[in-house]
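Grab your favourite viewer and work through these exercises at your own pace. Each one comes with a solution you can check against the coordinates.

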Amino acid sequence: MKTRTKVVVIGGGIAGCSTLYHLTQEGWTDVVLVERDELTSGTTWHSAAQVTNFGMTQTMVGLKTHSINLYKRLSEDPEYPINYHHADGGIRLANTEAQMEGYRHFASMARGMDVHFEVIDAEECARRHPLISTDNLLGGLWDPLDGDIDPAQLCQALAYHARKAGAEVYRNTPVTALTQHKDDTWTVETTKGNIDCDIVVNACGYRVNEVGAMMGVHHPVSSMEHQYFLTEDIPAIVESDRRMPLLRCPISDYYSRQEKNGLLVGFYEQGCKTWGLDGIDPNFVNALCPDDLDRVMDVLGGAFERMPALAETGIRSIVNGPITYTIDGAPLVGPIPGKRNAFCIIGLRAGLGEGGGHGWLLAQQIVHGEAQYDTWVIDPRRFGPHTNVELTALKAIEDYQNEFRFHFPHEHRPAGRNARTTPLTPILAAEGAEFTVVNGWERVDYIKPSPEFHPTLGFGFDEAFDIIRDEVKTVETGVGLAEVNGFNRIEITGADRHAFLDRMCCGAVPKRDGRLGLAYLLNHHGMIKAEATLANLPASDRGPERVWYGSAAASELHDMDWLSAHVGPDEDVQLRSLTNDQTILLLAGPKSRDVLTACARGDWSAEALPWLSLREAFVGIAPVTVMNVSFSGELAYEIHVPNASLYAAYQALRAAGEAHGLRLFGARAVESMRMEKGFLHWKADLLTEFDPFETGLDRFVRMEKGDFIGKAALEKRVAEGPRVKLASLRVDHDRAPAHGGASVMLEGKVVGTVSSGDWGHRLGMNIAMAFLKPDLAAEGTTLEIDICGTLVPAEVIAPSPYDPSFSRLRS
């Protein structure tokens, strides 16, 4: 066994084998995989092994397409062929118009990745799958490339080709300890000796947290028992001249695919069961849980109704084994939060179908620092530190129970709520707040007219439309108050703080005390990595001279990792998270200065506290830091308050606001207003796939300044010219917004992709932002957007259609 290698991948299932194979494809051949038993002896061996193209984001569709292409290529390799039933086709059923509308959106989104789904009616579903009934069925989504594959053969083929390229695989080699050294390299201790390496990858399936504990981390992954059975031969299948399509049924929570001349039928029962929360038997290898068909009788009845032939068919065998889930159901693929040179590829509940693509994107991240797609939807850092075992288990149960039910826009499911709150959460709830969830934080979405108000879930404008309109009107003409909790805040101190930030950011960095500005950080490829507000706080009794780095709540772990990884050994720079210590009260509207003057001493005029400046003060008795900055396009103040004083500040603002008609508003009103201003949203419009010039951020780039991360790559990109341009569009549609991922069309061809969309209430306009081919991004260009299956006219407009001179927020 080697004693030194570049990468050690721990785990020999689909995750580990795919990662090893793709590392060699990226040119790294000095790599090793260690497996505690035999390859595929964990979840992989009993996988139902369905291979679909369906995904709810373009990244997920892209990695699944890679899996399909890879598996087909491997299956046709005469040197090491594998059994792959490619392109049997598959249907996702629906019995509500809202589900059908969602399928039309996903078909629009997938078209941008050159993947072509078909939305079909109930009769066509039955024609393509003759075993199903059309009772209580509207239709479905057809995936022509759906299929299934042999799990063991696939992993062995990946390992074979990795070995052939120079990688090594050590079976029956349990890892017993992991030690990281001062230079961030690792020693992997095994029962057969130690291996020193640069990088460690956790690909350990349901044993993920056993290895995580060796690193001192906990991963939000929980296992669920999952059952399927194999039937005896079914005459209709025996007599058919083609294989049966795969079937996924959100109506009855089951799936099926052909297995020989019968069916494999799996269940996602409501009375489901977690597995292994209190530890896993070390001898649980190539093993299953006890059969428990009583647990699935509720969904089995629905399966019999949908597929009557099942009621007349015997069961040949039953499989009940653990599969892994994360908090949101999507895998964790990428850097391990808080660790250097450590990656994971875990929580792959649909591992066989997606594993080829996950290993592909992870290998790119390891070798190149970034993947060709923005991978935030699978990034392990997308969750904050609140993700304990109990929360993970609750969300895993909820995801399991809704396996084939996609999330609707503005849908926030009930499990694990109130994970992160502030002292105002119950106060705002009593005021009628409807909450959304942002990185675990309960944040006000809007104020409900009554406790019984529950908008219809769907892809169109819902019953909250007029409520959002009125909240926006309040901010436009009067004054509104909102709590913005969870805002990521990193305090940066030390003599070299400005030089450090100047190297991290591609534009100007504010350096004067009392000033703030927006800055963008690039990766080494010259692409957008992060967006931050940088605020210079003067020395006072509250602290030394310091910079507050503020960014989106979701970026909490991501941004801390990026900043800390680039502090030089000789730099006087210290980073400290204040995310859980402070909350923002956002006071916005033309009367906001009057409210602030009524409850805070000092001169709050535009001359005394101009736009993009800050001041330490008191609101009532609460110590605060007030920043004159706006995300709405109106005069606004961000009032940053220590959580211990948050209620006191809130009371003072509410009391001062009574004379001025102050009302509460929420995140959906903010979203509407930022679209009108052309302000961008991190991981919707700000992606690692595009550089700042392609994203329309020219004014935030200073190519003439000294070196900064990504500058050399950006210079090369500028010389080559933009591939796309982010543009704002007016959408001629009053029933639905253009949701992220929707395809922009011209003469029947995809020419761009929507990044975000919403109704602009101040302008009375449906607005979208989209990445377009550069020659189509000019104002006045007319295009079409596929909104849930309807081609809607759209026109490119100015990037900041509301108050383009920015006069209102400077007032």
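## Exercise 1: one helix, one side

Helix H16, residues 646-657, has 12 residues and spans 16 Å from first to last C-alpha, close to the 16 Å expected at 1.5 Å a residue. Keep in mind that this is a predicted model. Work out which residues of H16 are buried and what arc they cover around the axis.

**Solution.**
- Step 1: Using under 20% relative accessible area as the cut-off for buried, you get Leu646, Ala649, Tyr650, Ala652, Leu653, Ala656 and Gly657 in H16.
- Step 2: Recall that an α-helix has 3.6 residues a turn, so residues three or four places apart point the same way.
- Step 3: The buried residues of H16 cover an arc of only 165° around the axis, so they sit on the same side of the helix.

## Exercise 2: the largest core

Find out how many residues the largest nonpolar core has, and which have the most contacts inside it. Then pick Leu23 and list what it is in contact with, leaving aside neighbours within four places in sequence.

**Solution.**
- Step 1: The core has 48 residues, and those with the most contacts inside it are Val7, Leu23, Ile149, Leu154, Val201 and Ile366.
- Step 2: Elements giving two or more residues to this core include strand S1 (4-10), helix H1 (14-25) and helix H9 (351-368). H9 provides the largest share, 7 residues.
- Step 3: Beyond its neighbours within four places, Leu23 touches Val7, Val9, Trp28, Val31, Ala363, Ile366 and Val367.
- Step 4: Apart from this core lies another, of 35 residues, with Ala107, Ala110, Leu729 and Val792 among them.

## Exercise 3: closing a barrel

In what order do the 6 strands close into a barrel, and which helices lie across S36?

**Solution.**
- Step 1: The order is S34-S37-S36-S35-S38-S39, with antiparallel pairing. From one strand to the next, the twist averages 45°.
- Step 2: Zoom in on S36 (residues 749-760) and S37 (residues 765-772): 8 bridges join this antiparallel pair. Gly752 has Leu772 in S37 as its bridge partner.
- Step 3: Helix H3 (residues 97-111) lies across S35, S36 and S38, at about 65° to S35. Helix H17 (residues 667-677) lies across S36 and S37, at about 125° to S36.

## Exercise 4: a phi with the other sign

Asn172 is not a glycine, yet its phi is positive. Where is Asn172 placed, and is it buried or partly exposed?

**Solution.**
- Step 1: Most residues other than glycine have a negative phi. For Asn172, phi is about 50°.
- Step 2: Asn172 belongs to the loop between strand S9 (168-170) and strand S10 (175-180).
- Step 3: With a relative accessible area of 32%, Asn172 is partly exposed.

Conventions:
Residues numbered from 1 in each chain as written. Predicted model: local features only at pLDDT ≥ 70, side-chain atom pairs only at ≥ 80, totals over all residues. Heavy atoms only, no water. Core = buried A, V, L, I, M, F, W, Y, C linked by side-chain atoms within 4.5 Å. Buried < 20%, exposed > 50% of the residue type's maximum accessible area, 1.4 Å probe, protein only. Helix = DSSP H or I, 4+ residues; strand = E, 2+ residues; numbered from the N terminus. Contact = heavy atoms within 4.5 Å. Pairing = 2+ DSSP bridges. Axes fitted to C-alpha atoms, helices over the stretch in contact; angles between N-to-C directions. Expected span 1.5 Å × (residues − 1). Arc of directions from axis to C-beta.
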